[in-house]
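Colleague: Hi! Could you walk me through this model, one question at a time?

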Amino acid sequence: MSERAWPAGAATGIGSMPGTDVAEAAAIIFGELPEFPHLPELPARGVGADLLGRSAAFLVDLAIEEVPSGYRVAAHPGRDHRRAVDLLRWDLDAVDAAATGAKVLKTQLAGPWTLAAGIELPRGHRVLTDRGAVREFTESMLEGLATHVAELKARTGAEVVVQFDEPSLPDVLAGSLSTPSGYGTVSAVAEPEARDLLATVIERAGKITGRPVVVHCCAPRPPVALLRSAGAGALALDATQLDGSPAKLLDDLGEAWDSGVELFLGLVPPLAPAKPLTLREIAAPALRLTDRLGFNRSILAERAVPTPVCGLAGASATWLRRALSLTRDLGKAFVEPPEGW
């Protein structure tokens, strides 16, 4: 992998957007976040548009279908799987139309452990419970990712950065995911095994793009050391939950940042706050984190990217534009701090 793909002061989004009009969503993203836009995700469109359904659209020679409990492996691509593939294709069309002049673009999909935790095998057990199936899903996903990235590059002319979303990883490591009956839990995955699979995926994705790979985990206590050791070039975190973190997590964050790993700091609220917030108030968790870890605040310009706290699927139309504008302003402020910071 090569150097940083995005310019200093760039800001980006996590992925999801409100509504069902992907052309409008893409136009807003490229208008508000021109230096580091991302592929829009619109989960309000229903089946095939949420994180798992959308990620299943990347699968090659594997298919899913919707069942009452969620998504399940299907024998053949049916209506649900074809819908997921169509939605992703329409999203590419929308980005193609909006991406005039973009130099770098981020695309998002579920990481291997979240994908394996969220999709069921034909008998109802999670893919996670069958290590052979986990490997098969991972290989299929990576094959589809290579095609997806090549198409994005060909359509937009932009460099592509991949973000793997791993919201389920802490539960996978803790063994807290339920079995089909709901009376038990799936056995925990040992950290070395979790790290090895992530390392494979990150390495392969990095070779596909030639750029650092982002791993997003918005849990209050993300497994920073594991993700760093797996080779993540950037970690996307909810920075508003880091106050009061245990010393071990802060040490892990400091070591990761010091080693050159970038931090995508979730700072802008996903929903409109009860009262207007100043840019300084929104930036405060990042400034406190930097100070507490003992870094010069210039590291925010060098190795940080501001983002919303999480996806913006629940935002109003008014707050959506305001949130992305604030995120962009934060990126500029990281490079040229306003007086009084």
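Colleague: Which residues have the most contacts inside the largest nonpolar core?

Modeller: Happy to help, and please keep in mind that this is a predicted model. In soluble globular proteins, nonpolar side chains tend to be buried together. Here the largest nonpolar core has 104 residues. Those with the most contacts inside it are W113, V127, L128, L145, F164, L253 and L265.

Colleague: Which element gives the largest share of this core?

Modeller: The largest share amounts to eight residues. They come from helix 5.

Colleague: Which residues does V127 touch, not counting residues up to four places away in sequence?

Modeller: V127 is among the residues with the most contacts inside the largest core. With residues up to four places away in sequence left out, its partners are V73, A116, I119, E120, L121, A133, V134 and F137.

Colleague: How many residues are in the other core, the one that lies apart?

Modeller: Among the members of this other core are W6, V104, A234 and F264. Its residue count is eleven.

Colleague: Let's turn to the sheet. In what order do its six strands lie?

Modeller: Strands of a sheet pair through backbone hydrogen bonds, either parallel or antiparallel. In this open sheet the pairing is parallel. Its edges are strand 3 (104-110) and strand 9 (304-308), each pairing on one side only. On average, neighbouring strands are turned by 25° against each other, direction ignored. The order is 3-5-6-7-8-9.

Colleague: Which residue in strand 8 stands opposite L235?

Modeller: Strand 7 covers residues 234-238 and strand 8 covers residues 262-268. These two strands pair in the parallel sense over five bridges. Opposite L235, in strand 8, stands L263.

Colleague: What angle does the direction of helix 5 make with that of strand 5?

Modeller: Helix 5 (residues 131-156) packs on the sheet, where it touches strand 3 and strand 5 (159-165). Its direction and that of strand 5 make an angle of about 145°.

Colleague: Is S245 buried or exposed?

Modeller: S245 sits in the loop between strand 7 and helix 9 (247-258). Its side chain reaches the backbone oxygen of L242 at 2.7 Å. Leaving aside neighbours within four places in sequence, S245 is in contact with R221, L250 and R292. Its relative accessibility is 4%, and the cut-off is under 20%, so S245 counts as buried.

Colleague: What kind of aromatic pair do F36 and F264 form?

Modeller: A search of the whole structure finds four aromatic pairs. In this one, the rings lie 6.0 Å apart centre to centre, with 80° between the planes. The pair links distant parts of the chain, F36 in the loop between helix 1 (22-32) and helix 2 (51-56) and F264 in strand 8, 228 residues apart. The arrangement is edge-to-face.

Colleague: Which residue forms one aromatic cluster with F36 and F264?

Modeller: F36 is buried, with a relative accessible area of 0%. F264 is buried too, at 1%. The residue that forms one aromatic cluster with them is W6.

Colleague: Why is the pair of W257 and F295 edge-to-face?

Modeller: Their ring centres are 5.3 Å apart. W257 lies in helix 9 and F295 in the loop between helix 10 (279-293) and helix 11 (299-303), 38 residues apart. Planes over 60 degrees apart count as edge-to-face. The pair is edge-to-face because its planes are at 70°.

Notes: Residues are numbered from 1 along each chain as its sequence is written. Side-chain values use heavy atoms; hydrogens and water are left out. Two strands pair if DSSP finds at least two bridges between them. Helices (H or I, at least four residues) and strands (E, at least two) are DSSP runs, numbered from the N terminus. Axes are lines fitted to C-alpha atoms, for helices over the stretch in contact, and angles run from 0 to 180 degrees between N-to-C directions. Contact means heavy atoms within 4.5 Å. A nonpolar core is a set of buried Ala, Val, Leu, Ile, Met, Phe, Trp, Tyr and Cys residues joined through side-chain atoms within 4.5 Å. Buried means under 20% relative accessible area, exposed over 50%, partly exposed in between (1.4 Å probe, protein chains only). A polar contact is a pair of N or O atoms within 3.5 Å; within protein, one must be able to donate a hydrogen and the other to accept it, and residues adjacent in sequence count only if both atoms are side-chain atoms. Rings of Phe, Tyr and Trp (its six-membered ring) pair if their centres lie within 6.5 Å; planes under 30 degrees apart count as stacked, over 60 as edge-to-face and the rest as tilted.
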